[in-house]
Amino acid sequence: MKYLITYYSKTGNTKRVALDLAENLKADVDEIIDLKDRSGIKGWLLSGRDGMKEYLTEIKTCKDPKDYDVVIVGTPVWGWNSTPAVRTYIDKFKKQFKKVIIFITSGDTKPEKTVASLQKLVDKKIDIFEGWNTKELKDKKIYQEKFDNFCKRIKQ
Ligand SMILES: Cc1cc2nc3c(=O)[nH]c(=O)nc-3n(C[C@H](O)[C@H](O)[C@H](O)COP(=O)(O)O)c2cc1C
């Protein structure tokens, strides 16, 4: 299986999971760059609103998802939703996905809501996803248990 891990990360949590997945699955990695200025307090407020309202944005990526059997997309939660960068990526490339899997990092929002909103964008069923909240990201044992279980489901 040829895997591509594509992720957006503002403060590093989603990047951490992406890089761990890449190592475990021997996958290629592509970081989504959001071209909108999201710096400072103003950027934070804007980002929360853009997440909540399911806005799209302008992005830059490098790899072509059509070259991969499985695309695994990672997003933080913003405003109880996914990020504009990831929504834009899925919207732009969904026709090229053979299979799509989602992973999410959040403060405490459960991943199901975010996945449900992403599911509306893609015609293929997202039947594998996982999420880590702040507490689970900090607890090495819980993080690893969820990570191992996620990798197992991906490889099945
Ligand atoms: C603008 C903004 C909005 C956020 N909104 C939520 C939210 O609604 N629910 C939640 O659980 N976490 C929220 N968070 C926290 C992030 O989802 C969480 O810290 C995530 O792990 C950050 O990922 P990153 O380090 O890859 O950017 C928000 C963070 C930011 C910057």
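What covers the buried residues of helix 4? Helix 3, strand 6 and strand 7 are among the elements that do so. Contact here means that the C-beta atoms of two residues, placed from the backbone, lie within 7 Å. Helices (H or I, at least four residues) and strands (E, at least two) are DSSP runs, numbered from the N terminus.

Before going on, a word on the model. It is predicted, so local features need pLDDT of at least 70 and side-chain atom pairs count only at pLDDT 80 or more, while totals for chains, interfaces and linings use all residues. Residues are numbered from 1 along each chain as its sequence is written.

**Helix 4 and its two sides**

Helix 4 covers residues 111–119, and its buried residues are Pro111, Thr114 and Leu118. Viewed down the helix axis, these fall within an arc of 70°, so they line one face of helix 4. That arc is taken from the directions between the helix axis and the C-beta atoms. On the face turned away from the buried side you will find the exposed residues Glu112 and Ala116. A residue counts as buried if 20 or more other C-beta atoms lie within 10 Å of its own, exposed if 12 or fewer, and partly exposed in between, with C-beta atoms placed from the backbone.

**The whole chain**

The protein chain has six helices and seven strands, running β-α-β-β-α-β-β-α-β-α-β-α-α from the N terminus. Its C-alpha trace spans about 40 × 35 × 25 Å along the principal axes. The radius of gyration is 14 Å, which agrees with the value near 15 Å for a compact globule of 156 residues; it is taken over C-alpha atoms, and the globule rule is 2.2 Å times the number of residues to the power 0.38. Buried residues make up 36% of the 156 residues.

**The core**

The largest nonpolar core holds 32 residues, and Ile5, Val71, Ile72, Val73 and Ile102 touch the most other members. Strand 6 supplies the largest share of this core, with five residues. Such a core is a set of buried Ala, Val, Leu, Ile, Met, Phe, Trp, Tyr and Cys residues joined through C-beta atoms within 7 Å. Leaving aside neighbours within four places in sequence, Ile72 is in contact with Tyr3, Ile5, Leu21, Ile101, Phe103 and Ile154.

Tyr89 sits in helix 3. Not counting residues up to four places away in sequence, Tyr89 touches Thr6, Ile32, Ile59, Thr61 and Val73. Tyr89 and Thr6 are 83 residues apart along the chain, yet their C-alpha atoms are separated by 9.0 Å.

Here are three residues with their C-beta neighbour counts.

| Residue | C-beta atoms within 10 Å | Class |
|---|---|---|
| Tyr89 | 27 C-beta atoms | buried |
| Trp80 | 15 C-beta atoms | partly exposed |
| Lys26 | 9 C-beta atoms | exposed |

Lys26 has a positive phi of about 50° although it is not a glycine, and lies in the loop between helix 1 and strand 2. Trp80, also not a glycine, has a positive phi of about 60° and belongs to the loop between strand 5 and helix 3.

**Around the ligand**

The ligand is surrounded by 21 residues, the closest being Ser9, Asn13, Thr14, Pro76 and Gly107. A residue is near a molecule if its C-beta atom, placed from the backbone, lies within 6 Å of it. Helix 2 gives the most to this shell, with four residues.
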